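I am opening a fresh page for this chain. My plan is to go from the whole fold down to single side-chain pairs.

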Amino acid sequence: MGGHGSLMYSTPDGEKTLTASITSGDAAIDPAQAFPKALDKLVKDVFRGGKAAS
């Protein structure tokens with residue numbers, strides 16, 4: 001079964017935003033399994049410069 005989902009993140013002042021989406025369907029890999037890991041990396045890269053929060 002296919003589907004679509006999207007998320008949008010922003011800093012409180014709107015200086016940085018990130019929009020991510022996923023479309024699933026008939027594929028060799030399950031995008032729903034890969035998406036959370038990829039989203040976590042994107043959030044860290046965009047909002048923390050790739051570094052873990054301290």
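What share of the contacts with a separation of 6 or more comes from residues 24 or more positions apart? I looked this up for the protein chain and got 31%. I keep in mind that this is a predicted model.

**Entry 1: overall layout**

I listed the secondary structure next. The chain has one helix and two strands. Read from the N terminus, the order is β-β-α. I then took the surface figures. The accessible surface is about 4,300 Å². Carbon and sulfur atoms hold 56% of that surface. Of the 54 residues, 13% are buried.

**Entry 2: the hairpin**

I went to the strands. S1 covers residues 3–10 and S2 covers residues 17–24. They pair in the antiparallel sense, and I noted eight bridges. To fix the register I looked for the partner of His4, and Thr23 in S2 stands opposite. Six residues lie between the strands of this hairpin. Among them I checked Gly14, which has a positive phi near 80 degrees.

**Entry 3: the helix**

H1 spans residues 31–48, which makes 18 residues. I compared its reach with the ideal value. From first C-alpha to last, H1 extends 24 Å. At 1.5 Å a residue, 26 Å would be expected, so I logged the two as close, given that the expected span uses one less than the number of residues. Right after H1 comes Gly49. The phi of Gly49 is positive, near 60 degrees.

**Entry 4: what H1 buries**

Which residues of H1 are buried? I found Pro31, Phe35, Leu39 and Val43. I then asked what they pack against, and the answer was S1 and S2. The spacing of the list made me recall a rule. An α-helix has 3.6 residues a turn, so residues three or four places apart point the same way.

**Entry 5: the nonpolar core**

I pulled up the largest nonpolar core. It has six residues. They are Leu18, Ala20, Ile22, Phe35, Leu39 and Val43. S2 and H1 each supply at least two of them. I noted a general point for the strand side. In a regular strand, side chains alternate between the two faces of the sheet.

I singled out Leu39 for its contacts. Leaving out residues up to four places away in sequence, Leu39 touches Leu7, Tyr9 and Ala20.

**Entry 6: charged pairs**

How many salt bridges are there? I counted two.

I took Lys44 and Asp40 to begin with. Their closest N and O atoms are 3.1 Å apart. That passes, because the cut-off for a salt bridge is 4 Å. Why can these two residues reach each other along H1? They are four residues apart in the helix, so about one helical turn separates them. I added the accessibilities. Lys44 is partly exposed at 26% relative accessible area. Asp40 is partly exposed too, at 39%.

Then I turned to Lys41 and Asp45. Their side chains meet in a salt bridge at 2.8 Å, N to O. Both lie in H1, four residues apart, about one turn of the helix. Is Lys41 buried or exposed? Lys41 is exposed, with a relative accessible area of 52%. Asp45 counts as partly exposed at 37%. The split follows because exposed requires over 50%.

I closed the page with one general reminder. Side chains of opposite charge can pair when their charged atoms come close.

How values were computed:
Residues are numbered from 1 along each chain as its sequence is written. This is a predicted model: local features need pLDDT of at least 70, side-chain atom pairs count only at pLDDT 80 or more; totals for chains, interfaces and linings use all residues. Side-chain values use heavy atoms; hydrogens and water are left out. Two strands pair if DSSP finds at least two bridges between them. Buried means under 20% relative accessible area, exposed over 50%, partly exposed in between (1.4 Å probe, protein chains only). Contact means heavy atoms within 4.5 Å. Accessible areas come from the Shrake-Rupley method with a 1.4 Å probe; for residues, only the protein chains shown count as cover. A nonpolar core is a set of buried Ala, Val, Leu, Ile, Met, Phe, Trp, Tyr and Cys residues joined through side-chain atoms within 4.5 Å.
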